[in-house]
There are 2 protein chains.
Amino acid sequence: MARPDTRERILQAAERLFAERGFAETSVRAITAEADANLAAVHYHFSSKENLLEEVLLRRIGPIARRRLELLDALERERGERPAPVEKILEALIRPLFELGPRSSGERRRLARLFGRAFLEESAPGSKRALRRLERAYRRFYAAFRKALPELPEETLHWRVHFIFKSLPSAFLNPMRFHPAGNCDLSGRAFSDARAQERLQREWIAFAAAGLRAAAPNREEEKEGGASP
Amino acid sequence: MARPDTRERILQAAERLFAERGFAETSVRAITAEADANLAAVHYHFSSKENLLEEVLLRRIGPIARRRLELLDALERERGERPAPVEKILEALIRPLFELGPRSSGERRRLARLFGRAFLEESAPGSKRALRRLERAYRRFYAAFRKALPELPEETLHWRVHFIFKSLPSAFLNPMRFHPAGNCDLSGRAFSDARAQERLQREWIAFAAAGLRAAAPNREEEKEGGASP
DNA sequence: GTCTATAGTTAGATAGAC
DNA sequence: GTCTATCTAACTATAGAC
């Protein structure tokens, strides 16, 4: 287990600090101190702080996006002409977050923060390229859901896929911030223990699949009063 | 329509800039320039930049959290001993975001970014107090769902409420970032037009209610191989 | 590749006149 | 309450020795 080289140590330190404090709040000085590297090394290896952020994001998002598409491809090949069941599509969407994500609860939390920031800073120079990766995946998954649920109105399906995609990073990567009144504390255990993670995935798949399959809501044009024209 | 006083102008400018660029990325100078106020005015009225952030957040989150609880109270009074239908509970959760939120699509987007940042920066001094408000609401809503769905295992319900709460700000306040392959562009219209907003609320309530009501997933302890002991 | 030293900028905060 | 002027501290980035 040799000590990683300077470049790698900087990437690791930057990921940790960007996630914890934010991009602007993290100084290059803090990164190099944490990485036990010299101040100038960041500019030598990455040429700018912005560029370093981009590398940090791509290193994480790239493999997840790739794996999602791999799983979806395999699923579609296996099914041939028949549409895939929504549960299987949802599984392709979520498994990579656990397979390729960090192991510990603390690391998982950090990754959530990192992704969350990237979404908020979607137009920032460092985030753009990384988010394109996810965008491509979105279209493929939308098509798969469309095929699996041909009876749903276009707009309804659109919203449902929207709800699902939007909730993914926060629901999965972030431990629960709010605890219920009861004594059921899921935040720590659920995100670290392998079996609990399996459980969490099954819970989410059941929840999302039911939401997707629900009958489309009525399209009452006026809500109060008002007869038709 | 008199021009708001300095304090108010600063609050508005700060909200806009914090949401768009982030807290650390926004200088007090930029805020006062935008608010057409003097540099020193921020420290006179709020005593620090951190404090200004706290005021900005509370001004938005406070009324929403209050209104949610009002609606839930009214619903429970009306129902008496009988549990409220999940659709009604979900409505109490989401209506205030539209009633009290900003009118235009651009403003709504800003609010989403502001809340998103607050969640990410949950432990930062400026965000803490504002988030406590939402935390209190969480417990009340959890209890209402618990009563409405007594047959669900505790942990399953917990996760479902978790999914719902986590998805709320991103799913509602943020226009869709990714567009589907089709020509159905919801991002602009759906968030500004009043009728489209009604539609969006109905879509979400149908989706979430179905997810909540789904049968709990089986509790297979081992996923692969392994017979029971 | 790694380091020291520093240039050049910008930040939050404040003192004190009005 | 509002303004000007200024303090002090921190930052990114780079030049140049080793």
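These exercises cover helix packing in chain B and the protein surfaces near DNA strands C and D, all in a predicted model.

**Exercise 1. Describe how helix 1 of chain B packs on helix 2 of chain B.**

Step 1. Take the geometry. Helix 1 spans residues 6–21 and helix 2 spans residues 28–35, both in chain B. Their axes lie 8 Å apart, at an angle of about 125°.

Step 2. Classify the angle. Angles over 145 degrees count as roughly antiparallel and those from 65 to 115 as roughly perpendicular. Helix 1 of chain B is therefore oblique to helix 2 of chain B.

Step 3. Add the handedness. This crossing is right-handed.

Step 4. List the contact residues. Helix 1 of chain B brings B:R9, B:I10, B:A13, B:A14, B:R16, B:L17, B:F18 and B:R21. Helix 2 of chain B answers with B:A30, B:I31, B:E34 and B:A35.

Step 5. Sort them by class. The contact holds 8 nonpolar and 4 charged residues, with no polar ones.

**Exercise 2. Set out the contacts of helix 5 of chain B with helix 7 of chain B and with helix 10 of chain B.**

Step 1. Start with helix 7 of chain B, residues 125–148. Its axis and that of helix 5 of chain B come within 10 Å and cross at roughly 170°. So helix 5 of chain B runs roughly antiparallel to helix 7 of chain B. The crossing is left-handed.

Step 2. Find the residues. From helix 5 of chain B come B:V86, B:I89, B:L90, B:A92 and B:L93. From helix 7 of chain B come B:F141, B:A144, B:F145 and B:A148. By class, this contact has 9 nonpolar residues, no polar and no charged.

Step 3. Turn to helix 10 of chain B, residues 194–213. Helix 5 of chain B, residues 86–99, packs on helix 10 of chain B at about 140°, with the axes 9 Å apart. Here the crossing is right-handed.

Step 4. Find these residues too. Helix 5 of chain B uses seven positions, B:V86, B:E87, B:L90, B:E91, B:I94, B:R95 and B:F98. Among the partners in helix 10 of chain B are B:W204, B:I205 and B:L212. The classes are 10 nonpolar, 2 polar and 5 charged.

**Exercise 3. Which residues come nearest to DNA strand C, and which polar contacts does the strand make?**

Step 1. Name the neighbours. There are 14 residues around DNA strand C, and A:N38, B:V28, B:R29, B:H43 and B:K49 come nearest. Sugar and phosphate make up 51% of the strand atoms within 4 Å of the protein.

Step 2. Check the phosphates. A polar side-chain atom of A:T6 is 3.0 Å from a phosphate oxygen. A side-chain N or O atom of A:H45 is 3.1 Å from a phosphate oxygen.

Step 3. Check the bases. A polar side-chain atom of B:R29 sits 2.7 Å from a base nitrogen.

Step 4. Assign the elements. Helix 3 (41–46) of chain A and helix 2 of chain B give two or more residues to this surface. Its residues divide into 5 nonpolar, 7 polar and 2 charged.

**Exercise 4. Do the same for DNA strand D.**

Step 1. Of 13 residues around DNA strand D, A:R29, A:H43, B:T6, B:N38 and B:H45 come nearest. Sugar or phosphate supplies 55% of the strand atoms within 4 Å of the protein; bases supply the rest.

Step 2. Phosphate oxygens lie 3.0 Å from a polar backbone atom of A:V28 and 2.6 Å from a polar side-chain atom of A:H43.

Step 3. A base oxygen is 3.5 Å from a polar side-chain atom of A:R29.

Step 4. Helix 2 (28–35) of chain A and helix 3 (41–46) of chain B each supply at least two residues. The classes are 4 nonpolar, 6 polar and 3 charged.

Technical notes:
Residues are numbered from 1 along each chain as its sequence is written. Chains are lettered from A and ligands numbered from 1 in the order in which they are written. This is a predicted model: local features need pLDDT of at least 70, side-chain atom pairs count only at pLDDT 80 or more; totals for chains, interfaces and linings use all residues. Side-chain values use heavy atoms; hydrogens and water are left out. Axes are lines fitted to C-alpha atoms, for helices over the stretch in contact, and angles run from 0 to 180 degrees between N-to-C directions. Helices (H or I, at least four residues) and strands (E, at least two) are DSSP runs, numbered from the N terminus. Angles under 35 degrees count as roughly parallel, over 145 as roughly antiparallel, 65 to 115 as roughly perpendicular and the rest as oblique. A crossing is left-handed if the near helix is turned anticlockwise from the far one by less than a right angle, and right-handed if clockwise. Contact means heavy atoms within 4.5 Å. Ala, Val, Leu, Ile, Met, Phe, Trp, Tyr, Cys and Pro count as nonpolar, Asp, Glu, Lys and Arg as charged, and the others, Gly among them, as polar. A residue is near a molecule or strand if one of its heavy atoms lies within 4 Å of it. A polar contact is a pair of N or O atoms within 3.5 Å; within protein, one must be able to donate a hydrogen and the other to accept it, and residues adjacent in sequence count only if both atoms are side-chain atoms.
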